[in-house]
Structures are given as structure tokens and as C-alpha cells.
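The exercises below concern pairing between charged side chains. Please study the sequence and the model before reading the solutions.

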Amino acid sequence: SRLTATRITQANVSMTLANTEYSYTFPANTMAWMVKLRAQNVKLLYAFQTGTLPTSGTGANYSTAPQNFLRSIDGIEWSGKTIYVQSDTASQTLEIEAYQL
């Protein structure tokens, strides 16, 4: 049977500096999530390993979120996993919704 989320945790990450790595660790029992920048038309880069974003690490293994919005895929246990993000524009807010059992 398919599991159903019963709780939602909302959080914000203040990204005060441009081209700087910030992170968020998903809470226990997270089965899905959504992240987006509050501002529109600002580039959001993300990775699941620290030190791989272009201006704060190697620039080797990262992705660009499509139009400021990113949603997890099904079938992954996200509890305790960390997403690393950066923007090319200062004074950004990353909005996060984590859906939990």
C-alpha cells in the first residue's frame, strides 16, 4: 500500500549572500518535499553533496532548478538528507515544504 503524508513542515532558508552555499536538512519521516525561491526569475542551483556548487565548491555535480521550483520524486526516504543550494542573487529566501508520515 502507498504511504500517505500526515504532516507538513514549512521552513525558510535565508540566503543573504549571492553565490554562497546554504543548506537544509529534511526532518525525520520526510517522504516528499517542495522547495522554491520566493523571488521569481532568480537562478537556483542545488546539490545533495556539499562543496559541489559552482562558486562554493568544485562546480562538478549540481543541477539548476527549473524556474525557481523543485519537487522531490517518489520512492526515496528523505529523512535526515540535506539539500545544498545557492543563488546568483543576494537577499533570497528559499521556501521549503516537507511532507512527513
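Two exercises with worked solutions follow.

The model is predicted: local features need pLDDT of at least 70, side-chain atom pairs count only at pLDDT 80 or more, and totals for chains, interfaces and linings use all residues. Residues are numbered from 1 along each chain as its sequence is written, and side-chain values use heavy atoms, leaving out hydrogens and water.

**Exercise 1.** Determine how many salt bridges there are.

Solution. Step 1: apply the criterion, a side-chain nitrogen of Lys or Arg within 4 Å of a carboxyl oxygen of Asp or Glu. Step 2: the count by this rule is two. Step 3: Glu 95 pairs with Lys 36 at 3.2 Å, N to O. Step 4: Glu 95 also forms a salt bridge with Arg 38, at 2.6 Å, N to O. Step 5: through shared partners, Lys 36, Arg 38 and Glu 95 join into one network.

**Exercise 2.** Locate the partners Glu 95 and Lys 36 in the strands, and state their exposure.

Solution. Step 1: strands are DSSP runs (E, at least two residues), numbered from the N terminus. Step 2: the salt bridge between Glu 95 and Lys 36 ties together parts 59 residues apart in sequence, because Glu 95 lies in strand S8 (residues 92-100) and Lys 36 in strand S3 (residues 30-37). Step 3: partly exposed lies between buried (under 20% relative accessible area) and exposed (over 50%), with a 1.4 Å probe and protein chains only. Step 4: Glu 95, at 21%, is partly exposed, and Lys 36, at 22%, is partly exposed.

Methods:
Helices (H or I, at least four residues) and strands (E, at least two) are DSSP runs, numbered from the N terminus.
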